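Here is a short tour for anyone who likes to look at a fold with numbers in hand. Have a look at the sequence and the structure first, then read on.

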Amino acid sequence: MAVRKIIRMGHPNLRVPAQPVAASDIRSEPVKRLIADMVDTLHDYGGIGLAAPQIDEPLRLAIIEIPGGESRYGKIEAMPLTVFFNPSVEVLDPTTAGYWEGCLSVPGLRGFVERPQHIRVNYTNGHGESQSLELQGFWATVFQHEFDHLDGRLYIDHITDPTKLVFEEEFNRYLNN
Ligand code: NI
């Protein structure tokens, strides 16, 4: 398939809410090709999630793949590549915790964002089946970050302390300990 260009902060289309994918389109060839492109793009750029609007496709579609093991987020569980159509997030507990987030559409920066840490995600999978996942901690943050892209939001919108928006190099030098 093809590695696509990821559009970056400042591109107006990152700020436009995406359109739902019709049930009849979920298993269509164009959507399968789009998913294949998203997987290639995610692997080429290196990341744990990608939303369709990030490659300038205005659809409510995202992929997430978490390698697991030791990472800059500490020790995390793996999640195999999963496709999410038309996801919605329900907060089960509004208690928040913060993580330093990064985004392929905001390259070179890290920002500290607090989000609810216990959510339920309802979505349609690649076979057109309704699914539900309950998520806590780091995973809850990852999913909220990805699905924000479907509503035209970026993680920087959630930063409450502007001193905690930093360059990656300085993050690694001064803060990642
Ligand atoms: Ni992102």
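## Burial and overall dimensions

Of the 177 residues in the protein, 43% are buried. Keep in mind as you read that this is a predicted model. The exposed surface comes to about 9,200 Å², and carbon and sulfur atoms supply 51% of that area.

How does the radius of gyration fit with that of a compact globule? For 177 residues, a compact globule would have a value near 16 Å, and the protein has 16 Å, so the two agree. Measuring tape in hand, you would find that the C-alpha trace spans about 50 × 35 × 30 Å along its principal axes.

## Fold and contacts

The secondary structure consists of 3 helices and 8 strands. Starting at the N terminus, their order is α-β-β-β-β-β-β-β-α-β-α. Among contacts with a separation of 6 or more, 64% join residues that are 24 or more positions apart.

## The nonpolar cores

The largest nonpolar core holds 18 residues, and I66 and F143 are the ones that touch the most other members. Elements giving two or more residues to this core are β2 (61-66), β5 (79-101), β6 and α2 (138-148). The top contributor is α2, with 6 residues.

I66 is worth a click in your viewer. Beyond its neighbours within four places in sequence, I66 is in contact with I48, I76, E77, A78, M79, F138, W139 and V142. There is also a second, separate core of 17 residues, which includes V21, V39, F85 and L104.

## A closer look at T124

T124 belongs to strand β6, which covers residues 109-124. Is T124 buried or exposed? Its relative accessible area is 16%, and because the cut-off for buried is under 20%, T124 counts as buried.

Which residues does T124 touch, leaving aside neighbours within four places in sequence? The contacts of T124 are I26, V83, F84, F85, E129 and S130. One of these, F85, is also listed in the second core.

## The nickel site

Which residues coordinate the nickel ion? The donors are SG of C103, NE2 of H145 and NE2 of H149, at 2.1 to 2.3 Å. Along the sequence, the donor residues follow the spacing C-x41-H-x3-H.

Both histidines of the site, H145 and H149, are buried. Helix α2, the one that gives 6 residues to the largest core, spans 138-148.

Terms used
Residues numbered from 1 in each chain as written. Predicted model: local features only at pLDDT ≥ 70, side-chain atom pairs only at ≥ 80, totals over all residues. Heavy atoms only, no water. Donors = N, O, S within 2.8 Å, 3.2 Å for Na, K, Ca; no water. Buried < 20%, exposed > 50% of the residue type's maximum accessible area, 1.4 Å probe, protein only. Helix = DSSP H or I, 4+ residues; strand = E, 2+ residues; numbered from the N terminus. Contact = heavy atoms within 4.5 Å. Core = buried A, V, L, I, M, F, W, Y, C linked by side-chain atoms within 4.5 Å. Rg over C-alpha atoms; globule rule 2.2 N^0.38 Å. Areas by Shrake-Rupley, 256 points an atom, 1.4 Å probe, with all protein chains shown as cover.
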